[in-house]
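User: I would like to go through this model and ask, for each label, what value and what cut-off stand behind it.

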Amino acid sequence: MRPSTVPRLIAAFTAVSLVAACSGDGGAGEGGGYPDQNITIVVPFSAGGPTDTVTRMIADPMAKALGGRIVVQNVEGAGGTVAAGQVATAQPDGYTVLMHHIGMSTAPALYKDLPYQPLADFATIGLVTEVPMTVVARPDFAPATFADLTAYLKANAGTVTLANAGIGAASHLCGLLLQSAAGVKLQEVPYQGTGPALTDLVGGQVDVMCDQTTNTTGQITAGKVKAYAVTTPERVKNLPDLPTTTEAGMPQLQVSVWHGLYVPAGTPDEVVRKLSGALTTALADPAVVEQMAKLGTAPVPAADATPEAHRAHLQEQIATWGKVIADAGVKAS
Ligand code: MLT
């Protein structure tokens with residue numbers, strides 16, 4: 001994975017029951033018969049959004065590699081922390097897996113009463129992908145360019161609405177960076193995921209949003225939202241006309257959204273290895289590579305789809321974002 005892109009400026013942060021059945025005799029207890037029942041991958045945001053999209057891309061090829069069945073379940077709420085809290089206390093048998101993103105590393109600094117500790121309560125399976133973000137607006141939003149947008153936000157801060165997927169979501173983080181760099185405070189409108197938020201943006205119910213290319217590419221290409229910039233150092237291949245935030249004059253707005261898979265701490269190592277192996281196989285699947293490319297992203301290199309690389313990245317990101325967020329003095333609760 002390329003070095004994480006971290007903002008250099010943040011001044012104004014403002015703030016189903018899971019299928020966790022016991023493995024039964026000889027099931028996942030030692031990992032020997034694993035899997036012998038359905039595996040659930042919990043997605044912490046709405047169906048149809050970017051996290052859900054990436055999860056569904058890899059679920060089938062992973063299931064095939066494991067010789068089992070994978071069910072995707074959306075458990076929404078509190079910027080992804082509701083789902084993470086549930087998976088943290090699920091049976092550590094490999095049948096309840098969490099897909100989460102950069103929010104796993106920002107939540108400890110944002111939430112005073114977070115009901116889990118990412119490093120202590122989860123075993124890492126492997127990194128999945130790292131997705132660029134785009135700054136988008138409703139189709140009839142007045143500003144034409146990113147410079148126009150910045151000027152418009154400054155002039156109309158009191159009335160502009162900024163959609164996000166809750167405190168701790170990638171869209172929330174990116175929105176904070178945008179506001180900080182522009183020196184404005186917008187009206188934030190939280191959703192359970194950027195899937196529904198994007199629907200409202202297309203419909204004109206909200207004005208602006210930062211969101212991942214895995215959610216926005218189709219709508220940008222179809223002209224259903226206005227796109228201003230991409231938040232990565234390089235342009236995105238299939239959105240070639242979209243300038244980077246650096247090109248557009250806001251180099252401080254740099255963020256890309258890494259994703260990874262987790263199981264509860266205490267899951268047998270053999271099960272973790274099987275899941276990680278299946279992830280590596282899924283990420284090498286040409287259909288997955290193609291689907292991701294169409295949405296502006298790519299699988300991580302095989303060496304990063306491992307428990308060790310994922311854990312090291314999580315550790316580094318918690319430290320990095322923790323400092324940024326602490327310096328800014330933001331808390332969600
Ligand atoms: C989602 O799947 O809805 C997103 O990843 C939300 C976000 O983090 O902005």
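User: What makes the approach of serine 171 to the ligand a polar contact?

Analyst: A polar atom in the side chain of serine 171 lies 2.6 Å from an oxygen atom of the ligand. A polar contact is a pair of N or O atoms within 3.5 Å, and within protein one atom must be able to donate a hydrogen and the other to accept it, while residues adjacent in sequence count only if both atoms are side-chain atoms. The 2.6 Å distance is within the 3.5 Å limit, so the pair counts as a polar contact. The model is predicted, so local features need pLDDT of at least 70 and side-chain atom pairs count only at pLDDT 80 or more, whereas totals for chains, interfaces and linings use all residues. Residues are numbered from 1 along each chain as its sequence is written, and side-chain values use heavy atoms, with hydrogens and water left out.

User: Which distances separate threonine 51 and glutamine 212 from the ligand?

Analyst: For threonine 51, an N or O atom of the side chain is 2.7 Å from an oxygen atom of the ligand, and for glutamine 212 a polar side-chain atom lies 3.1 Å from a ligand oxygen. The protein covers 100% of the 270 Å² of accessible area that the ligand has on its own (areas come from the Shrake-Rupley method with a 1.4 Å probe, and for residues only the protein chains shown count as cover).

User: Where does the ligand sit, and which elements give two or more residues to its shell?

Analyst: The ligand sits in the largest cavity. A cavity is a set of points, on a 1 Å grid over the protein atoms alone, where a 1.4 Å probe fits but cannot get out, and a molecule sits in it if more than half of its atoms lie within 2 Å of its grid points. Helix H1 (50-66) and helix H6 (170-182) are the elements that give two or more residues to the shell; helices (H or I, at least four residues) and strands (E, at least two) are DSSP runs, numbered from the N terminus.

User: How many residues of each class does the shell around the ligand have?

Analyst: The shell has five nonpolar, six polar and no charged residues. Ala, Val, Leu, Ile, Met, Phe, Trp, Tyr, Cys and Pro count as nonpolar, Asp, Glu, Lys and Arg as charged, and the others, Gly among them, as polar. Among the residues around the ligand are Phe45, His101 and Gly193, where near means that a heavy atom of the residue lies within 4 Å.

User: Why is asparagine 215 called buried?

Analyst: Its relative accessible area is 11%, and buried means under 20%, exposed over 50% and partly exposed in between (1.4 Å probe, protein chains only). Asparagine 215 is therefore buried. This residue is found in helix H8 (residues 213-221), and its side chain makes a polar contact of 2.7 Å with the side chain of aspartate 211.

User: Why is glycine 67 called exposed, and why is alanine 78 called partly exposed?

Analyst: Glycine 67 has a relative accessible area of 63%, which is over 50%, so it counts as exposed. Glycine 67 lies in the loop between H1 and strand S2 (70-74). Alanine 78 has 37%, which falls between 20% and 50%, and it is therefore partly exposed. Alanine 78 is found in the loop between S2 and helix H2 (81-88).

User: What is notable about phi of alanine 78, and what is the peptide bond from tyrosine 34 to proline 35?

Analyst: Phi of alanine 78 is near 50°, a positive value in a residue other than glycine. The peptide bond from tyrosine 34 to proline 35 is cis, with omega near -5°. Most residues other than glycine have a negative phi, and most peptide bonds are trans.

User: Why do leucine 201 and glutamine 317 count as buried?

Analyst: Leucine 201 has 0% relative accessibility and glutamine 317 has 1%, and because both values are under 20%, both residues count as buried. Leucine 201 lies in helix H7 (residues 194-203), and glutamine 317 in helix H11 (residues 307-328).

Definitions and conventions
On a 1 Å grid over the protein atoms alone, a cavity is a set of points where a 1.4 Å probe fits but cannot get out, and a pocket is an open set with protein on both sides within 12 Å along at least five of seven lines; lining residues have an atom within 4 Å of a point.
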